[in-house]
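Q: Got a minute to walk me through this one? I'd like to know what sits where.

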Amino acid sequence: MNRRSFLHATSGAVVACGLPRAQARSVPSRPRPSPSQLAWQRDELALFLHFGVNTFSDREWGDGREDPSIFSPSALDARQWARAARRAGARALILTAKHHDGFCLWPTRTTRHSVAASPWRSGEGDLVREFVEACHAEGLKAGLYLSPWDRNNPAYGDSPKYNDLYCDQLTELLTRYGPIAEVWFDGANGEGPNGKRQVYDWPRFFGLVRRLQPNAVMFSDAGPDVRWCGNEKGTAGDPNWSTVNPDAVPFPGADGPGIIDALQHGDPAGTVWRPAEVDVSIRPGWFYHPAEDDKVRSVDNLEGLYFSSVGRNGKLLLNVPPTRDGLLHSTDVARLASFRARLDSLFEQDLARGARPPTSTGPHGTSDVTLDLGRTVTVGIARLEEDITRGQAVARYTLYGAADRDWQVLSSGSTIGYAKLDRFEPVIVRRVRLAIANAVEVPQSISVGLFPPAVTTTGLP
C-alpha cells in the first residue's frame, strides 16, 4: 500500500532561442527557482533510506507497538551507505528519522520509543548523527524524513499537544546535526493510539524549518519547495511544469478531483516554482525484506526510471533500504554501480558539443535553431535543457535531423524545463533543427545534446 492509496482508504550546444513576441503569452513575474531549488534539481539523483523497526519486524508499516529491543543492527555502517550512494552518482541521501510507527532513530527527549531504548550501541547510539556525519564525510547532502503520523505516541490525536511535540522533534533534528539539505514530509494521517485523528499545523511546521534550516528544501504534496510527482512508480508527468498553482494542492495529503493531475503535470500558469520529486524503490517494498533479494530492479529498469524522472524535468529519489545488519545489500550496491556505469556510457560522448548554432525564423511563425555538426554521426538520444535560472517556457517542440537535404522528425514533445530526454530509432545526421512551436514566454536559451544510440548489453541483471 502506498501513501496515496492509504489516504484514499551533460550539456551540448547552447543556443539562443525565441518566439515572435506576438506568439508568446505574457505572464507577469514568471516564477524562477531559488538557489536551493536549483541546487536540488541539479543533483538529479538522491537515495532514500527506509530503516527502522519495520526492518526487523518484516513489515512495511508498523503499528507503534513494536518493542524497541528488536532494533539491533549487528554491523551498521552509515559510511557504507554513503559510499555506495556516491559511487552511484547520487548527491544526497534521505533517512527515515521516524516512520509511521513512531520509533525515532535518534535519542529524543520527546519519547522513550527510540534507539535509546534499544540494545544497539548499548542504548547510547544516535543513528541520525552517524548518518549525517557519513554523508558529509563522503561529500553528500543529508536529508531527513519525519513522519507526521505517529502510531505510538499517546499525544497523537490531541492536536495542539502533538503539534507541539512534533515541532520539538523537528527542532531536535534541525539544530543538532548541522546543515540539512532536504526535509521530507508526507500527509499520512491515521488514527493514533487514542483512536483520534490529528489536525496538523502545516504552516507552523514549514515556518519552523524555514527558520532553523533556511537553505533546506521542503518536500511534500504541497511543497512548499518541492512537490510529489503523484505516484510511486518512478514516472513524472508529461508534460511536467515546475510551476504550479499553490491552491490546487492546499496541504500535504489533500485529496480530491484534480489533485493527482496537478501533481503530475504542474501548471504553465502557476504562480510558484515547485518542481517534481519522483520517489520509487529499488525493491517491491520500501523497507528491507529478505524475500525480495531476488526482486531488485534491473539496470535496464533503472535506466528507464532515469528517463521517466530526470528525463521529464524531475529529480529521481531512489529508495535503497538497509538490511537487518545495517548495511545496503550487496545486490543493491552492485546494481547501483552498474546503473551509474550505464548512465556514464550513455552520455559520455555528446556529438553536438562545439556545433555552431545559427538561429532563424522558420515557417508558420515558429522559431528554429539549426546545428551543423560538421560531420555525419549516428544519434539515438537527445537531451534538451532550458536555462531554468530564467524560468521554464517551452510548451511544444519538435527535433528534426538531416544527413543531406531532407529533414525527418527525431522526436517531439511539450515541456523541457531542466532536462528532457528523448530516445528515437538510430539515425545518421549532419544537421539537427529544434523548432519551438509554442511557449508561455520567450525562451532565452536551450541546450541541445546528442548522443549515440544505446548499445544493447546482455548478461546484466
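**Chat notes on the model**

A: Sure, starting with I416: this residue is buried, at a relative accessible area of 1%. Buried is under 20% relative accessible area, exposed is over 50%, and partly exposed is in between (1.4 Å probe, protein chains only).

Q: Before we go on, what kind of model is this?
A: This is a predicted model, where local features need pLDDT of at least 70 and side-chain atom pairs count only at pLDDT 80 or more, while totals for chains, interfaces and linings use all residues. Residues are numbered from 1 along each chain as its sequence is written, and side-chain values use heavy atoms, with hydrogens and water left out.

Q: What's the mean pLDDT of the protein?
A: The mean is 91, and 90% of the residues reach 70 or more. pLDDT is the predictor's confidence in each residue, from 0 to 100.

Q: Where does pLDDT stay under 50?
A: Residues 3-12 are under 50, with 41 contacts beyond four places in sequence in the model. Residues 14-27 are also under 50, with 49 such contacts. Contact means heavy atoms within 4.5 Å.

Q: Back to I416. Where does it lie?
A: I416 is in the loop between β15 (408-413) and β16 (420-439). Helices (H or I, at least four residues) and strands (E, at least two) are DSSP runs, numbered from the N terminus.

Q: And which residues is I416 in contact with, leaving aside neighbours within four places in sequence?
A: N313, L384, E385, E386, Q392, V394, Y397 and I446. I388 is 28 residues from I416 in sequence, and their C-alpha atoms are 9.8 Å apart.

Q: How about L371, buried or exposed?
A: L371 counts as buried because its relative accessibility is 2%. L371 belongs to strand β13 (residues 367-386), and its C-alpha is 5.3 Å from that of V432, 61 residues away along the chain.

Q: Switching to helices. Which residues of α5 are buried?
A: In α5 (residues 127-137), those are L127, V128, F131, V132, A134 and C135. They line one face of the helix, because seen down the axis they fall within an arc of 160°. That arc is taken from the directions from the helix axis to the C-beta atoms.

Q: What covers them?
A: The cover includes β2 (45-49), α4 (78-87), β3 (92-98), β4 (141-146) and α6 (159-175).

Q: What happens just after α5?
A: G139 takes a positive phi of about 75° there. Just after α2, E44 has a positive phi of about 65°.

Q: Which residues have the most contacts inside the largest nonpolar core?
A: F71, W81, V128, F131, L170 and L318, in a core of 83 residues. α6 gives the most to this core, with seven residues. A second, separate core has 25 residues, including A382, L399, I436 and I446. A nonpolar core is a set of buried Ala, Val, Leu, Ile, Met, Phe, Trp, Tyr and Cys residues joined through side-chain atoms within 4.5 Å.

Q: Last topic: how many disulfides?
A: Zero, where a disulfide is a pair of cysteine sulfur atoms within 2.5 Å.

Q: Why no bond for C104?
A: Because the closest cysteine sulfur to that of C104 is in C167, 14 Å away, which is too far for a bond. C104 is buried, with a relative accessible area of 0%, and C167 counts as buried at 5% relative accessibility.
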